[in-house]
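User: Could you take a close look at the nonpolar interior of this one for me? I'd like to know how it is put together.

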Amino acid sequence: MLSCQRARFQLPEGAHYLNCAYMAPLAREVEAAGIAGIARRRNPADIPASSFFDEADRARVLFARLIDSPDPRRVAILGSVSYGIASVASNVRLDAASNVVVPGEQFPSNYYAWSRRCAETGASLRVVAAPAACAGRGAAWNHRVLEAIDARTAVVALGNVHWSDGTLFDLHAIRRRSREVGALLVVDGTQSVGALPLSVRELEPDALICAGYKTLFGPYSVALGYFGEALLQGRPLEDNWITRRDSDDFAGLVSYRDEYREGAIRYDAGEHSSEILLPMMTSALEMVLEWRPERVQDYCRSVTAEPLERARELGYWVEDEDRRIANLFGLRPPQGVSLDRLRDELARRQVSVSVRGSAIRVSPHVYNAAEDLEALVAALEATASERAASNA
């Protein structure tokens with residue numbers, strides 16, 4: 001099992017950062033790669049034309065390895081998840097007879113593009129609401145998603161896990177059902193890829209888009225996308241010079257080409273070849289590959305198992321263990337506990353988490369240790385004691 005990786009980060013002494021789902025802290029080696037890139041930028045004469053391609057292709061290779069893709073050319077370098085989802089949505093045929101299925105309250109980056117396309121085409125947007133918090137909620141939600149997919153479904157768009165509470169969707173069952181009706185499967189892997197094993201070789205999604213700054217530990221403004229066979233001949237959002245065939249021949253750039261470079265590279269965002277951001281992203285991917293997603297899950301499970309039992313004893317609801325991931329979970333407080341008061345208590349103890357809807361979202365990672373979870377539980381216990389006193 002992994003040991004605690006806190007030494008690779010520069011988190012303040014006494015701070016309990018349990019908020020990787022908001023933004024991962026910057027590892028020392030990732031920061032160093034960015035600083036080296038800034039220094040390199042001082043003298044453009046030291047930046048050869050090949051650098052516009054080499055670091056991007058290195059990122060493709062590393063990300064392909066992480067998601068078990070046999071072809072790095074299926075990977076595009078994007079600026080954001082919304083950019084990647086918009087690239088997919090613009091290449092999907094919809095009409096008034098079709099529908100798009102999304103889970104309720106999923107992150108907006110995998111919602112707005114579909115909402116717009118449905119409004120433009122007359123297609124129906126089917127939002128599958130979550131069941132009430134109870135035992136079996138995750139299984140019931142998965143069942144609802146499967147039921148919502150029918151012969152008129154053109155796209156199923158969702159995260160591998162729900163961003164607010166870590167509920168795990170059964171992507172393989174959803175993939176089988178979407179394939180039965182001829183629908184595309186578009187996955188936002190931002191809150192799971194890098195921390196949870198996912199094989200595109202096995203799942204065969206039509207698109208998998210991931211922000212770089214959360215469980216991939218990279219910089220903001222870099223995202224990575226895998227595009228399946230159905231989208232490899234699509235039309236990109238931009239008419240970008242660097243994505244065209246033979247674009248590495250700078251002397252021949254005015255010999256305009258209609259053909260794109262092979263694979264999903266046509267979807268690369270303009271100016272993605274940052275000599276600062278891309279080295280940070282590749283450094284982060286190397287680190288995540290070293291950790292291995294299955295070991296991240298094991299580590300997070302080991303430091304959260306006992307604290308979660310104590311939270312349940314205090315009346316907090318947590319998704320069933322087999323229907324959530326270990327590095328992201330929502331704590332829904334019992335009746336009578338004020339979210340505002342709990343948030344104040346957490347802040348007083350320097351515990352960083354997020355409030356998402358009715359849940360306290362907790363997202364530990366390999367830089368966390370038992371004392372971080374202990375501080376979280378102490379805040380829960382303090383507010384529980386206050387509630388008991390006020391009811392006495």
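What share of the contacts in the chain with a separation of 6 or more comes from residues 24 or more positions apart? And which residues sit at the heart of the largest nonpolar core, touching the most other members?

Analyst: Sure, keeping in mind that this is a predicted model. On the contacts: 73% of those with a separation of 6 or more join residues 24 or more positions apart.

Some background on the chain before we go inside. There are 11 helices and 12 strands. The radius of gyration is 22 Å, close to the 21 Å from the globule rule for 392 residues, so the chain is as compact as a globular protein of that length. Of those 392 residues, 56% are buried.

Now the core itself. The largest one has 79 residues, and the members touching the most others are Phe 63, Leu 208, Leu 216, Phe 217, Trp 291 and Leu 331. Helix α8, residues 277-291, gives this core its largest share, with nine residues. Nonpolar side chains do tend to be buried together in soluble globular proteins.

Leu 216 is a good one to zoom in on. Skipping neighbours within four places in sequence, Leu 216 contacts Phe 63 and Leu 66, then Val 193 and Gly 194, and also Cys 210, Ala 211 and Leu 224. The rest of its list is Met 281, Ala 284, Leu 285 and Val 288.

That's not the whole interior, though. A second core, separate from this one, holds 31 residues, among them Val 81, Ala 89, Ala 157 and Phe 227.

As for the outside, the accessible surface is about 17000 Å², and carbon and sulfur atoms account for 49% of that.

Conventions. Residues numbered from 1 in each chain as written. Predicted model: local features only at pLDDT ≥ 70, side-chain atom pairs only at ≥ 80, totals over all residues. Heavy atoms only, no water. Helix = DSSP H or I, 4+ residues; strand = E, 2+ residues; numbered from the N terminus. Rg over C-alpha atoms; globule rule 2.2 N^0.38 Å. Buried < 20%, exposed > 50% of the residue type's maximum accessible area, 1.4 Å probe, protein only. Contact = heavy atoms within 4.5 Å. Areas by Shrake-Rupley, 256 points an atom, 1.4 Å probe, with all protein chains shown as cover. Core = buried A, V, L, I, M, F, W, Y, C linked by side-chain atoms within 4.5 Å.
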